[in-house]
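The following exercises concern how two parts of one protein chain meet. Please study the sequence and the structure before reading each solution.

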Amino acid sequence: MTDVAARVRELLPSVRADLEDLVRIESVWADPARRPEVHRSAELTATLLSQAGFDDIQIVAEGGAPAVIARRPAPEGAPTVLLYAHHDVQPEGDATQWHSPPFEPTERNGRLYGRGTADDKAGIATHLAAIRAFGDELPVGVTVFVEGEEESGSPSLTALLAAHHDLLAADVIIIADSDNWAVDIPALTVSLRGLADCVVEVSTLDHGLHSGLWGGVVPDALSALVRLLASLHDDAGNVAVEGLYEAAAAEVEFSDERVRADSGLLDGVRQIGSGPVVQRMWARPAITVIGIDTTPIAKASNTLVPSARAKVSMRVAPGGDAREHLAALTRHLQAHAPWGARVTVTPGDIGQPYAIDATGPVYEAARQAFRTAWGREPIDMGMGGSIPFIAEFAAAFPDAEILVTGVEDPGTQAHSINESLDLGVLERAATSEALFLKALGALDG
């Protein structure tokens, strides 16, 4: 075990250099102008896997972004492990808000800053380090699958899994796209909320009206929309939509002080909802208004707005059905229209939640690898965010054991400005993955 850890530590400088090369590529699939960069990112990923000893490498696409599939066969009697990551990244947002250029990896205080340093090009780096640690002596078969459009909702993943099912089939699947409890405490993610969203449009007039002549008599659509959106929560901030599912969260303490520190909650602003933090964050539905279309302030006039729209995003607790929850949200919006306003709901994306039964020898081997690499007991945690494709993997490969791991920590700020990777976490995550691969080879040996 110490030999594996030492080898990973020896490899880290070269793995970090490869990670930095990946981060410099602006692989934002959501931006059509930068889609050539996503192809360049796939090509570099394929090159890095070739250098790691893979001969069977394909760059594939099924109507969407390029994905990379690389395979090394299993020794006789050993299982095959699928290692997943994604090479596309979120847009950087306002680059002036970054403390260093978003696509130029920069180290500060033991963290590597840049878009994709953690989510999820660090997942690629983790896999590379674990694989290189064994050279030509991999204890298991390894298939690496690096997707190119996860940050856009993985719209072609179902087609990819169907078209390349035999290539991707494995006994164990490691999804390296999640979080750790802290920079010094590892975690297995055992539940994830699903996602359902919609656009609601409220109309009260067939044209705008002078607010002085008609204000106080005729309702404007924006005021009606605000009242409708307010009906989604009670006064304490609990979701007020009927018919939604609630699960049970893991028994983990998440203090109010940590909520404030990790989230950046402003002084004087209170949490919403009631009950334990982890219950609200991992095991209950949540509803957020993530966008509104109406007259911008710069173009506002004394006019009653005839129509306004909002995008509403719902997180679905593990065990619930995202389609049924979207139907319940739609019914609520239609039933709570103020002043008889006309409400139109247009359904959007759906992603199912997932819960993992993390018991048995494979999961115990993973926990032991964490203990050895981190020197700490791992935590089984939920995830308030969604990774809908995990349910798709489970459906495509029902006999595979799925583990959700990651290289992120509470300070990562994935999807936000100043995203970063703790370099110590990268080493421990790569070491634990290498130890886990070795243990899997021994399990079937």
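Domain bounds, as used here, come from an automatic or database domain assignment. The model is predicted.

**Exercise 1.** State which segments form each domain, and give the separation of the domain centres.

*Solution.* Step 1: the protein chain is divided into two domains, with domain 1 covering 4-192 + 353-441 and domain 2 covering 194-259 + 274-351. Step 2: taken over C-alpha atoms, the centres of domain 1 and domain 2 are 34 Å apart. Step 3: 16 residues from domain 1 and 16 residues from domain 2 take part in the contact.

**Exercise 2.** Determine what area is buried between domain 1 and domain 2, and which residues of domain 1 supply 50% of its part.

*Solution.* Step 1: the size of an interface is often given as the accessible area lost when the parts come together. Step 2: between domain 1 and domain 2 this area is about 1100 Å², and carbon and sulfur atoms give 64% of it. Step 3: on the side of domain 1, W181, P353 and S386 supply 50% of the area buried against domain 2, more than any other three residues.

**Exercise 3.** Count the salt bridges and the polar contacts between the domains, then describe the side of domain 1 that touches domain 2.

*Solution.* Step 1: there are zero salt bridges between domain 1 and domain 2. Step 2: four residue pairs are in polar contact across the interface, both residues being at pLDDT 80 or more. Step 3: β8 (187-192), β15 (354-355) and β16 (379-383) each give two or more residues to this side of domain 1. Step 4: β16 gives the largest share, five residues. Step 5: by class, this side has 10 nonpolar, five polar and one charged residues.

Notes:
Residues numbered from 1 in each chain as written. Predicted model: local features only at pLDDT ≥ 70, side-chain atom pairs only at ≥ 80, totals over all residues. Heavy atoms only, no water. Contact = heavy atoms within 4.5 Å. Buried area = accessible area lost by both parts, 1.4 Å probe. Salt bridge = Lys/Arg side-chain N within 4 Å of Asp/Glu carboxyl O. Polar contact = N/O pair within 3.5 Å; in protein donor to acceptor, adjacent residues only side chain to side chain. Helix = DSSP H or I, 4+ residues; strand = E, 2+ residues; numbered from the N terminus. Nonpolar A, V, L, I, M, F, W, Y, C, P; charged D, E, K, R; others polar.
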